[in-house]
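Let's take a walk through a protein structure together, one stop at a time. Keep the 3D view open so you can find each place as we get to it.

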Amino acid sequence: MDLFDYMREQNKETSGPLASRMRPTTLDEVVGQQHIVGKDKLLYRAIKADKLSSIIFYGPPGTGKTTLAKVIAHTTSAEFMQINATSAGKKDMEEVVEQAKNNQGMYQKKTILFIDEIHRFNKGQQDYLLPFVEDGTIILIGATTENPYFEVNGALLSRSVIFELKKLSTDDIKVLLKRALTDTEKGMGAYNAQIDDDALDFLADVSNGDARAALTAIELGVLTTDRSDDGIIHITIDVASECIQKRVISYDKKGDNHYDTISAFIKSMRGSDPDAAVYYLARMLYAGEDVKFIARRIMILASEDIGNADPMAMVVAASAAAEVERVGMPEAQIILSQAVTYMACAPKSNASYNAISAAMSCVKQTKTPAVPAHLQDAHYGAAEKLGHGVGYKYAHDYPNHYVKQQYLPDGLTDRVFYKLTDIGYEAKIKAHMDELHRDCDT
């Protein structure tokens, strides 16, 4: 690093964006990602012992990939070098390799190379690094928002340990925001600013696990808000919503509004109103509702309110639930919209729901009668001597693979739990069952 590079780094630490200034320099300052930097975890131990091997950090924006690389830079005795794959070329890599060889040969010093956005390198550029990673000339730290198993060469992957970073929780974001407001050295502590609890909750929620977005918003709020008469800069929820360019909507995930909205969402699908259903879906998504929670509610409705009137509804709901977990937001909203509109437009029947409700009630309210002897298991020991299975009629031996016989226990033979409707596919099932019974009776 020359004098100009040094001065540039110094300026970043004092006058750069808040998100950059607040980057931790030690492991103890890192917030979140305890599944990989907890004190008993491999990465924590490797950084503390300065015994790193090549690693790749993989995760969404703002989760701390570059932050962890900076922590390593401050704690390692190795030479730390950094390039960004979006702008670096082969010449840059050749210079790094040459410097690494000098460090190794002249000073017996290791070189750590941090490559941000490593997935931007093409196959040839990644292949160039391989022999130097393999022989230890370079210890590689790659950072990527893309799945490394698809975007990074298999040879590099096999020589690296992959650490997946998760989105920060709302509690993690709150810790970072409070720290930024009170830190007088790197943060906004000198501005004497305070944030209201609802504004803090809002920013932590809508930043969606992205620390950079949350810190940028709070910095903008402090710098653009006038002091009140008490001399304090108050960050209210209105200020917070303006700074992150997202309108505040009344939606408390643990309060009445949450339950009212999800209730309206389900009732709109049940009531075959796709416009209302997709509107309430949008309200929940805008407020940051968990897409997995929404998908679970769709699956329940597919069985409870549609059932066999359209058996494909369950398939669509289950597929949507799997897909939203794999894809994530924002694209998951398209998948959910397709599922929701399908459910709203599908023929409706609650016959399956009523059937299990009635059957459960029957089991609960009546004594448990014996299973009819001819239905009992006849495959063990003395079962046949006890009359188990005797007289059972094998349905496949009869026309239409159906034969009339008693299946319900004695005393319950007149019960009807599943009452088919004349709607959708259930009408076909009902016609089929009626035909079986009619043919058998004749």
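Start with the largest pocket, which holds about 1500 Å³ of space. Of the 46 residues lining this pocket, the closest to its centre are Pro 60, Lys 167, Asn 208, Gly 328 and Met 329. Keep in mind that you're looking at a predicted model.

Which elements give two or more residues to the lining of the largest pocket? They are α8, α10 (170-182), α11 (197-206), α15 (274-286), α16 (291-306) and α17 (312-327). The largest share, four residues, comes from α17. As for chemistry, the lining divides into 19 nonpolar, 12 polar and 15 charged residues.

Now zoom out to the domains. The chain is divided into domain 1 (33-164), domain 2 (276-348) and domain 3 (363-439). So where does our pocket sit? Domain 1 and domain 2 both give residues to the lining of the largest pocket, so the pocket lies between them. Domain 2 has dealings with domain 3 as well: five residues of domain 2 are in contact with six residues of domain 3. The C-alpha centres of domain 2 and domain 3 lie 35 Å apart.

Go back to Met 329, one of the residues closest to the pocket's centre. A cis peptide bond joins Met 329 to Pro 330, with omega about 10°. You'll find Pro 330 in the loop between α17 and α18 (332-345).

Next, head over to Ile 72, in helix α5 (residues 65-75). Is Ile 72 buried or exposed? Its relative accessible area is 0%, and buried means under 20%, so Ile 72 counts as buried. Who are its neighbours? Leaving out residues up to four places away in sequence, Ile 72 touches Ile 47, Leu 52, Ile 55, Phe 57, Ile 112 and Ile 141. For a sense of distance, try Tyr 149: Ile 72 and Tyr 149 are 77 residues apart in sequence and 24 Å apart in space, C-alpha to C-alpha.

Asn 153 makes a good next stop. Look for Asn 153 in the loop between α8 (148-151) and α9 (154-158). Although this residue is in a loop, Asn 153 is buried, with a relative accessible area of 15%. Not counting residues up to four places away in sequence, Asn 153 touches Lys 123, Gln 126 and Asp 127.

Two more loops are worth a visit for their backbone angles. Asp 50 is found in the loop between α4 (42-49) and β1 (55-58). Its phi is near 55°, a positive value in a residue other than glycine. Asp 50 is also buried, with a relative accessible area of 17%. Then there's Glu 117, in the loop between β3 (111-116) and α7 (123-134). Glu 117 has a positive phi too, about 55°, although it is not a glycine.

Last stop: the cysteines. A disulfide is a covalent bond between the sulfur atoms of two cysteines. How many disulfides does the structure hold? The count is zero. Take a look at two cysteines, Cys 243 and Cys 362, while you're here. Cys 243 is buried, with a relative accessible area of 14%, and Cys 362 is buried as well, at 6%.

Key
Residues numbered from 1 in each chain as written. Predicted model: local features only at pLDDT ≥ 70, side-chain atom pairs only at ≥ 80, totals over all residues. Heavy atoms only, no water. Buried < 20%, exposed > 50% of the residue type's maximum accessible area, 1.4 Å probe, protein only. Contact = heavy atoms within 4.5 Å. Disulfide = S-S within 2.5 Å. 1 Å grid on protein atoms, 1.4 Å probe; cavity = no way out; pocket = protein on both sides within 12 Å on 5 of 7 lines; lining within 4 Å. Points joined across faces, edges and corners; volume = space filled by probe spheres on them. Nonpolar A, V, L, I, M, F, W, Y, C, P; charged D, E, K, R; others polar. Domains from an automatic or database assignment.
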